[in-house]
Amino acid sequence: ELSEIASYCTIDFKGVEKKWTEVFRRLSLVIYNIQNAIYLTETNKLSGNALAINKELKTHYNSNTGMLKSKTLLICKDREFEFSKSDLEKTYKHPFEYCKMDKIVQAINDKDSNYAIFFPTIAINKYVWIFDAATYIPLYYNFELKGQKIDKKDLEDIASSSSSAFAKDWA
């Protein structure tokens, strides 16, 4: 459902979470982002239909992409993408690491400020999230209705957003 898009990071049924119970590995991040979306919607008095609210939240979340410059982006090597490591190296100019899901979960549990987590999901639609592992704040967000693959276009958008954004600090 569209109203769920920006409220949390959905289950990645076509990626690394084949069963709904696997979301429990990152439940703290999910709960934070449900609360965060509600807080931002109420505080900023966002209104309109679900798509309009999601677009506003996307603008807010993507104002954080400058933080990617100072973090290593963790990418689950067990997830299939429509881009290669070579594509990533050419497009994304910040540190990144392909790793097992266990390392991603550990970074979330440890709230490790050295990492950002690349977590794209595909259910009915495509959602591309990058979270700060220490704060759980979204550093990047995009969605595509009925999108079914994570590809070079997503990489290019992330790279463009992160290189043009200024790093922000949070209180």
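## Aromatic cluster

Y61, W129, F131, Y141 and F143 form one aromatic cluster. The model is a predicted one. Two members of the cluster, W129 and Y141, make an aromatic pair with ring centres 4.3 Å apart and planes at 35 degrees, an arrangement classed as tilted. W129 belongs to strand β4 and Y141 to strand β5, and 12 residues separate them along the chain.

Both rings of this pair belong to covered residues. W129 has a relative accessible area of 0% and is therefore buried. Y141 likewise has a relative accessible area of 0%, so Y141 is buried.

## The sheet

The strands β2-β1-β3-β4-β5, in that order, form an open sheet of 5 strands with mixed pairing. Its edges are β2 and β5, each of which pairs on one side only. From one strand to the next the twist averages 20 degrees. Helix α2, residues 50-62, packs on this sheet and touches β4 and β5. The direction of α2 makes about 145 degrees with that of β5.

In a regular strand, side chains alternate between the two faces of the sheet.

## Strand β1 and its neighbours

Strand β1 covers residues 72-76, and 4 of its 5 residues are buried. On one side, β1 pairs with β3 (residues 115-122) in the parallel sense, over 4 bridges. In this pairing T72 stands opposite Y115 of β3.

The pairing of β1 with β2 (residues 96-99) is also parallel and also runs over 4 bridges. Here L74 stands opposite E97 of β2. The connection between these strands includes helix α3, residues 85-91: β1, α3 and β2 make a right-handed β-α-β unit.

## Y32 and Y136

The count of aromatic pairs in the model comes to 9. One of them joins Y32 and Y136, whose ring centres are 6.1 Å apart; the planes stand at 65 degrees, so the pair is edge-to-face. The pair links distant parts of the chain, 104 residues apart. Y32 lies in helix α1 (residues 27-43), whereas Y136 lies in the loop between β4 (126-132) and β5 (138-144).

The two residues fall into separate accessibility classes. Y32 has 25% relative accessibility and so counts as partly exposed. Y136, at 7% relative accessibility, counts as buried because the limit for that class is under 20%.

## K111 over the ring of Y136

Y136 has a further partner: K111 lies over the face of its ring, at 4.8 Å from the ring centre. K111 is placed in the loop between α4 (101-110) and β3. With 45% relative accessibility, K111 counts as partly exposed.

Both residues of this contact have a positive phi. For K111 the value is near 50 degrees, positive in a residue other than glycine. For Y136, also a residue other than glycine, phi is near 70 degrees. Y136 has its place in the loop between β4 and β5, while K111 is in the loop that precedes β3 and follows α4.

How values were computed
Residues numbered from 1 in each chain as written. Predicted model: local features only at pLDDT ≥ 70, side-chain atom pairs only at ≥ 80, totals over all residues. Heavy atoms only, no water. Buried < 20%, exposed > 50% of the residue type's maximum accessible area, 1.4 Å probe, protein only. Helix = DSSP H or I, 4+ residues; strand = E, 2+ residues; numbered from the N terminus. Pairing = 2+ DSSP bridges. Right-handed = clockwise from strand over helix to strand, strands pointing away. Phe/Tyr/Trp six-rings, centres within 6.5 Å; stacked < 30°, edge-to-face > 60°. Lys NZ or Arg CZ within 6 Å of the ring centre and 35° of its normal. Axes fitted to C-alpha atoms, helices over the stretch in contact; angles between N-to-C directions. Contact = heavy atoms within 4.5 Å.
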